[in-house]
Each structure stands twice: as C-alpha cells, then as structure tokens.
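Here is a short note to read alongside the structure. Please keep the 3D view open and find each residue as you go.

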Amino acid sequence: SAIALCLSLSGCAQDNPVAASKLHGNDESFAFTVTLKNTSDATVLPSALAPLAWATFTAGDALFKTGDSATSGLQALAEDGDPEGLIEGLSTALSKGHLTEPLAPGATTTFTFSARPGSVLSFASMLVETNDVFVGPEQNHVDLFDGRNEPISGSLVIALFDAGTEVNQAPGSGDAQAPRQSAPNTGAEESQPVALLTERQDGFNYPAAGQILAVTIEADHADHEHEDGEHEAAEHDHADDEAHDHDHG
C-alpha cells in the first residue's frame with residue numbers, strides 16, 4: 001500500500017513539509033502604529049502612565065530583560081517616570097524614541113515607527129502610583145512579523161514588572177512614590193532582578209496589566225496594496241492584448 005511504501009522509504013513528502021513561502025522580502029519596510037489607552041480609571045488604582053519609552057531591535061534584544069538587574073536608565077524610568085536615560089543609553093536599537101507626556105487615566109495616544117522582517121518591539125512605561133512598577137510586553141519584546149514575514153496586527157499581551165530597585169509601598173499612597181516623594185530617587189533601595197510583579201509577592205493588590213493599559217498595533221499595507229493593484233492592472237492589460245491578437249488571428 002501507499003502507507004507501507006512510505007514507511008519503507010526515507011524522505012516521504014509528509015516527513016519533509018515544504019517551508020511556507022515568504023509573503024514579503026527581508027528588506028521590505030512597514031510603518032507600524034501603536035495605540036495606547038490608559039484604562040486604569042475603571043480600576044481601584046487610577047494611575048497615570050509616565051512617558052513611554054520604545055525601541056525596535058533584532059530578535060533577542062529588548063529594553064529590559066526579566067531576571068537581569070535593572071540598568072540605571074530603567075531604574076530612572078521605573079522609579080521616576082523619566083524615559084530619556086533609558087533611550088539615550090541604547091546602542092543596539094534599530095530605532096527608538098519616547099513619548100513626551102504622561103498618559104492620564106482614560107486618555108489615548110499613539111506612536112509610529114518603521115520596521116523590517118526580523119525586528120522586535122520593546123516598550124516600558126512607569127505605573128506612576130507605585131515605587132518602581134512598570135508595564136511592558138509580557139515576553140519583554142513583541143515579534144513584529146510572523147514566520148512568513150507578514151507584519152502583526154491586533155492587541156498585544158502586556159504585563160506589570162517590578163524593577164527591583166526600590167522597596168514597594170502600598171500602591172497609590174506611598175510617600176516615596178512619584179506623586180508624593182520630595183525628590184526623585186528618594187525611596188528605600190533594594191537590589192532585586194527585574195521580575196513579573198505577580199512573582200514579587202509584596203503583599204499588595206494591583207489591577208491586572210490588561211485592566212490598566214490596552215495596547216494595539218497595526219501595520220500600514222498601503223504601499224503593498226498599491227503594488228498589488230499595479231500587478232493586477234498589468235495582468236489585465238496582458239489579457240486584453242491576448243484577446244486583441246486573437247480577434248486579428
């Protein structure tokens with residue numbers, strides 16, 4: 001039988017599936033728009049989000065890494081909401097930037113960037129009513145393209161992280177938290193690695209990250225749709241030419 005024959009041979013087709021063809025070349029650039037909405041106004045912890053820092057990298061890199069110690073730039077962002085040091089200190093970013101204003105509860109904002117297949121996006125923003133808690137992608141970064149070089153779109157999975165640089169106080173009331181501290185970097189110091197807030201177990205209750213911030217991303221396909229339209233037009237013209245030649249045959 002065909003099954004028996006396949007078992008007796010090496011290299012049957014179903015054992016070696018053909019790799020999915022790429023939909024876009026590695027050098028094609030797409031414009032991405034990220035939309036951020038602070039939804040914390042519907043939670044027990046309404047909180048502004050400090051100016052968000054973002055950067056794109058090649059796969060494997062990010063603004064922060066769970067399990068590593070926070071850089072001085074990440075500490076400044078997580079404790080005091082200052083993104084500039086973190087962004088300025090990046091040497092491996094393909095592109096980078098930060099927002100200039102905090103995002104108030106209920107407010108929405110966007111930022112844009114361009115990226116090619118193989119790129120990832122990382123971002124971070126301080127949850128202002130905390131000592132050193134920030135929000136970012138659950139896996140530290142987001143793959144911007146799938147295995148066929150198709151750009152992603154839709155909602156992003158995010159998480160709350162603890163920078164591990166300042167002892168946590170009750171969210172929304174600590175005197176060393178940004179809205180109430182007398183000066184930047186004045187809380188009790190600690191030396192812990194960056195971790196998911198759920199793993200820190202500080203004894204306080206926080207809303208889930210998805211209740212605090214909604215993040216969506218969309219890629220601009222306009223240029224490629226235009227190219228497809230030109231391709232279809234060319235095929236249409238070719239068909240007309242064939243019909244014309246047939247009429248004169």
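The points below cover confidence, the nonpolar cores and the cavity.

1. Please start with how far to trust what you see. This is a predicted model, and its chain averages a pLDDT of 87, with 81% of the residues scoring at least 70. Two stretches deserve caution: residues 1-13 have a pLDDT below 50 and make three contacts beyond near neighbours in sequence, while residues 224-236 also fall below 50 and make four such contacts.

2. Next, look inside. In soluble globular proteins, nonpolar side chains tend to be buried together. Here the largest nonpolar core has 33 residues, and F32, L36, F113, L160, L213 and I217 touch the most other members. At least two residues of this core come from each of β1 (30-38), β4 (108-115), β5 (119-126), β6 (133-137), β9 (158-162), α5 (209-212) and β11 (213-220). Another core lies apart from this one; its 18 residues include F57, L86, V120 and F134.

3. Which residues is F113 in contact with, leaving aside its neighbours within four places in sequence? They are F30, A31, F32, V34, W54, T56, L121, L144 and I217. Try picking out F32 and I217 in that list, as both are also among the residues that touch the most other members of the largest core.

4. Finally, the empty space. The count comes to one cavity of 30 Å³ or more, and the largest cavity holds about 60 Å³. Its lining consists of L36, L49, A50, P51, L52, L99, E101, L103, S125, V135 and L213. By type, these lining residues divide into nine nonpolar, one polar and one charged.

Note on methods. Residues are numbered from 1 along each chain as its sequence is written. This is a predicted model: local features need pLDDT of at least 70, side-chain atom pairs count only at pLDDT 80 or more; totals for chains, interfaces and linings use all residues. Side-chain values use heavy atoms; hydrogens and water are left out. On a 1 Å grid over the protein atoms alone, a cavity is a set of points where a 1.4 Å probe fits but cannot get out, and a pocket is an open set with protein on both sides within 12 Å along at least five of seven lines; lining residues have an atom within 4 Å of a point. Grid points are joined across faces, edges and corners, and a volume is the space filled by probe spheres set on the points. Ala, Val, Leu, Ile, Met, Phe, Trp, Tyr, Cys and Pro count as nonpolar, Asp, Glu, Lys and Arg as charged, and the others, Gly among them, as polar. A nonpolar core is a set of buried Ala, Val, Leu, Ile, Met, Phe, Trp, Tyr and Cys residues joined through side-chain atoms within 4.5 Å. Buried means under 20% relative accessible area, exposed over 50%, partly exposed in between (1.4 Å probe, protein chains only). Helices (H or I, at least four residues) and strands (E, at least two) are DSSP runs, numbered from the N terminus. Contact means heavy atoms within 4.5 Å. pLDDT is the predictor's confidence in each residue, from 0 to 100.
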